[in-house]
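Here is a chain to read alongside its fold. Have the sequence and the structure open while working through the turns below.

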Amino acid sequence: MLVLVATRKTNGALPDDFDHCVEGELVTIDEPCDDDLRDPDGGGCGCGRSFSGLHSHRATTTAAVVERDLSEADVREAIRSSLVDGGWIYPDRTTRELAEELVESAWVRVHAVTEHFPAGTVVGRRLERIFPRLGGPAG
């Protein structure tokens, strides 16, 4: 299935690029903080223009659409595990419904990108807009 992974390809081409993820790790698209919503071009922490690594819990401004031998259930479980590890889901306090809502929300954002861009495309982000970066097959 198509998934989003952290990549260094084209990272550094823009002056505000950063890459703190592990190359090739699965990434998601988090909701931007209030500061980034007010000023997505540098006023906040950068979450509105980055992707979040499921393993490293770090961020990068470039991600790639790639084919991986994973099922939807595998990706959802990776998201769930990352949310638990990151302290967003507390197994003993978070309701099952809320946990599922958080996983579903993250899955839907990733899946929307992988449905829109072909494998090999390197993408960037500005709030809710995902765009192909120059140098990728679609860019």
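The questions below deal with sheets, helices and single residues of a predicted model.

Q: In the sheet with the order β1-β5-β6-β7, which strands are the edge strands?
A: This open sheet has 4 strands, with antiparallel pairing. An edge strand pairs on one side only. The strands that do so are β1 and β7 (129-132).

Q: By how many degrees are neighbouring strands of this sheet turned against each other on average?
A: The sheet in question is the open one with the order β1-β5-β6-β7. The average for its neighbouring strands ignores direction. The turn is 40°.

Q: Over how many bridges do β1 and β5 pair?
A: Strand β1 covers residues 2-6, and strand β5 covers residues 63-67. Within this pair, valine 3 has valine 66 as its bridge partner, and valine 5 has alanine 64. The two strands pair in the antiparallel sense, and the number of bridges is 5.

Q: How many of the residues of β1 are buried?
A: Buried means under 20% relative accessible area. Strand β1 has 5 residues and is mostly covered. The number of buried residues is 4.

Q: Why is one side of β2 and of β4 left without a neighbour in the sheet?
A: The open sheet of 3 strands has the order β2-β3-β4, with antiparallel pairing. β2 (27-28) and β4 stand at its edges, so one side of each is left without a neighbour in the sheet. The reason is that each has a single partner strand.

Q: Which residue in β4 is the bridge partner of serine 52?
A: Strand β3 (residues 51-53) and β4 run antiparallel and are joined by 2 bridges. Strand β4 consists of residues 59-60. The bridge partner of serine 52 there is alanine 59.

Q: Is threonine 60 buried or exposed?
A: Threonine 60 lies in strand β4. Its contacts beyond four places in sequence include Ala6, Asn11, Cys21, Arg49 and Phe51. The cut-off for buried is under 20% relative accessible area. Threonine 60 has 0%, so it is buried.

Q: Which residue has its backbone oxygen 3.5 Å from a polar atom of the side chain of threonine 60?
A: Leaving aside neighbours within four places in sequence, the residues in contact with threonine 60 include Thr7, Phe18, Asp19 and Ser50. The backbone oxygen that lies 3.5 Å from a polar atom of its side chain belongs to phenylalanine 18.

Q: How far apart in space are valine 27 and serine 50, C-alpha to C-alpha?
A: Valine 27 is found in strand β2 and counts as buried at 2% relative accessibility. Among the residues that valine 27 touches are Leu4, Phe51, Ser52 and Val110. Valine 27 and serine 50 are 23 residues apart in sequence, and their distance in space is 9.6 Å.

Q: With the side chain of which residue does the side chain of aspartate 17 make a polar contact?
A: Aspartate 17 lies in the loop between β1 and β2 and is buried, with a relative accessible area of 16%. A polar atom of its side chain lies 2.7 Å from the backbone nitrogen of glycine 12. The polar contact between side chains is at 2.6 Å, and the partner is arginine 133.

Q: Why is α2 oblique to α3?
A: Helix α2 (residues 72-85) and helix α3 (residues 96-116) pack with their axes 9 Å apart. Angles of 65 to 115 degrees count as roughly perpendicular and those over 145 as roughly antiparallel. The angle between these helices falls in neither range, so α2 is oblique to α3. That angle is about 120°.

Q: At about what angle to β1 does α3 run?
A: Among the α3 residues that make the contact with α2 are Leu102, Val103 and Trp107. Helix α3 also lies across β1, β5 and β7. Its angle to β1 is about 105°.

Q: Is glycine 120 buried, partly exposed or exposed?
A: Glycine 120 is found in the loop between α3 and β6 (122-126). Buried means under 20% relative accessible area and exposed means over 50%. Glycine 120 has 38%, so it is partly exposed.

Note on methods:
Residues numbered from 1 in each chain as written. Predicted model: local features only at pLDDT ≥ 70, side-chain atom pairs only at ≥ 80, totals over all residues. Heavy atoms only, no water. Buried < 20%, exposed > 50% of the residue type's maximum accessible area, 1.4 Å probe, protein only. Pairing = 2+ DSSP bridges. Polar contact = N/O pair within 3.5 Å; in protein donor to acceptor, adjacent residues only side chain to side chain. Contact = heavy atoms within 4.5 Å. Axes fitted to C-alpha atoms, helices over the stretch in contact; angles between N-to-C directions. Parallel < 35°, antiparallel > 145°, perpendicular 65-115°, else oblique.
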